[in-house]
Amino acid sequence: MSTNIVVKDLDLFYGDFQALHSVSLDIEENQVTALIGPSGCGKSTFIRTLNRMNDLIDSVKITGEVLYHGEDIYDSESDVIELRKRVGMVFQKPNPFPMSVYENVAYGPKIHGKSNRTELDILVEKSLRGAALWDEVKDRLDKPATGLSGGQQQRLCIARTLAVEPEVVLMDEPTSALDPMSTSKIEDLIDQLKLNYTIVIVTHNMQQAGRISDKTCFFLNGYIEEIGSTDQIFFNPQSSKTEDYISGKFG
């Protein structure tokens, strides 16, 4: 199994507050890595270090290394725009742009220089098919994306991420705002996406982590308490704190 991202001794500070402590983690290609843990334990902070989203916060200081294909993404020579193209992100709440379904998906490729309409048409269809949405929207591509249901909007946001042809897709609680049926569709989609992409997902839903992930990482108070295969974490945890969290006794 090839390793896509290697994190070594990562510390992150918001001003004087240390949010992450000595985090080290290997993220393998074509696997789903789930990040679990109680609210405020560092999961979302960590996932945002993987494509430098935390750069947008003035008070953040980061030490350690995040290696993507062997190169430190925090090196001063690193191209952040290219990084975010290759390491895409889907957020907790669907956030379609106030434009048509087609333009939502074509937006990223256009930003990166694609302008040929035929090429864009092919890429939009491919991305919508990749997000399991094409059949539902192919007759309404020119309609506002805000008219889609919540679940469809989230899959549209996934299609928008896929359109810039990333290698890694980060998902920060992508189903927390969705109903059970839409959640099930997103989970089925994640299972298909890992054939072509590396997925890292933050989730508070233990059943979801158990269903969709290959590896699970349990965060607690900014530290990695335990990491291992999902089966091992759920059925044979080595830490009593992990066991308490999985069983619902935590806290």
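**View 1. Arg-52, with a relative accessibility of 13%, counts as buried.** Here buried means under 20% relative accessible area, exposed means over 50% and partly exposed lies in between, with a 1.4 Å probe and protein chains only. The model is predicted: local features need pLDDT of at least 70, side-chain atom pairs count only at pLDDT 80 or more, and totals for chains, interfaces and linings use all residues. Residues are numbered from 1 along each chain as its sequence is written, and side-chain values use heavy atoms, with hydrogens and water left out. Arg-52 belongs to the loop that runs between α1 (43-49) and β4 (60-68). Helices (H or I, at least four residues) and strands (E, at least two) are DSSP runs, numbered from the N terminus. The phi of Arg-52 is positive, at about 60°, although this residue is not a glycine. Most residues other than glycine have a negative phi.

**View 2. Glu-173 also has a positive phi.** Its value is near 50°, in a residue other than glycine. Glu-173 sits in the loop between β7 (168-172) and α7 (180-193). With a relative accessibility of 14%, Glu-173 counts as buried.

**View 3. The whole protein contains 10 helices and 10 strands.** Its radius of gyration is 18 Å, close to the 18 Å that the globule rule gives for 251 residues, so the protein is as compact as a globular protein of that length. The radius is taken over C-alpha atoms, and the rule is 2.2 Å times the number of residues to the power 0.38. The C-alpha trace spans about 55 × 45 × 35 Å along the principal axes. Of the 251 residues, 50% are buried. The accessible surface comes to about 11900 Å², and 47% of it belongs to carbon and sulfur atoms; these areas come from the Shrake-Rupley method with a 1.4 Å probe, and for residues only the protein chains shown count as cover. Among contacts (heavy atoms within 4.5 Å) with a separation of 6 or more, 67% join residues 24 or more positions apart.

**View 4. Strand β9 (residues 215-220) has a pairing partner in β10 (residues 223-229) and another in β3 (residues 32-36).** Two strands pair if DSSP finds at least two bridges between them. The pairing of β9 with β10 is antiparallel, over 6 bridges, whereas that of β9 with β3 is parallel, over 4 bridges. Thr-216 stands opposite Gly-228 in β10 and is also the bridge partner of Ala-34. Phe-218 stands opposite Glu-226 in β10. The hairpin formed by β9 and β10 has 2 residues between its strands, and Asn-221 in the turn has a positive phi of about 55°.

**View 5. Both faces of strand β9 are covered.** In a regular strand the side chains alternate between the two faces of the sheet. On one side of β9, Lys-215, Cys-217 and Phe-219 are buried, and on the other Thr-216, Phe-218 and Leu-220 are buried as well. Because 6 of the 6 residues of β9 are buried, the strand is largely enclosed by the rest of the structure.

**View 6. Thr-242 occupies a place in helix α10 (residues 240-246).** At a relative accessibility of 0%, Thr-242 counts as buried. Leaving aside residues up to four places away in sequence, Thr-242 touches Phe-218, Glu-225, Glu-226, Ile-233 and Pro-237. Of these, Phe-218 and Glu-226 stand opposite each other in the pairing of β9 with β10.

**View 7. Val-7 is a residue of strand β1 (residues 3-14).** Its relative accessibility is 2%, and Val-7 therefore counts as buried. Not counting residues up to four places away in sequence, Val-7 touches Val-23, Ser-24, Leu-25, Phe-46, Leu-50, Glu-65 and Val-66. Val-7 and Gly-222 are 215 residues apart along the chain, and their C-alpha atoms are separated by 14 Å.

**View 8. Helix α3 (residues 101-111) contains several buried residues.** These are Val-101, Tyr-102, Asn-104, Val-105, Ala-106, Gly-108 and Pro-109. Their cover includes α4 (117-130), α5 (134-137) and α6 (150-162). Gly-113, just after α3, takes a positive phi of about 105°.
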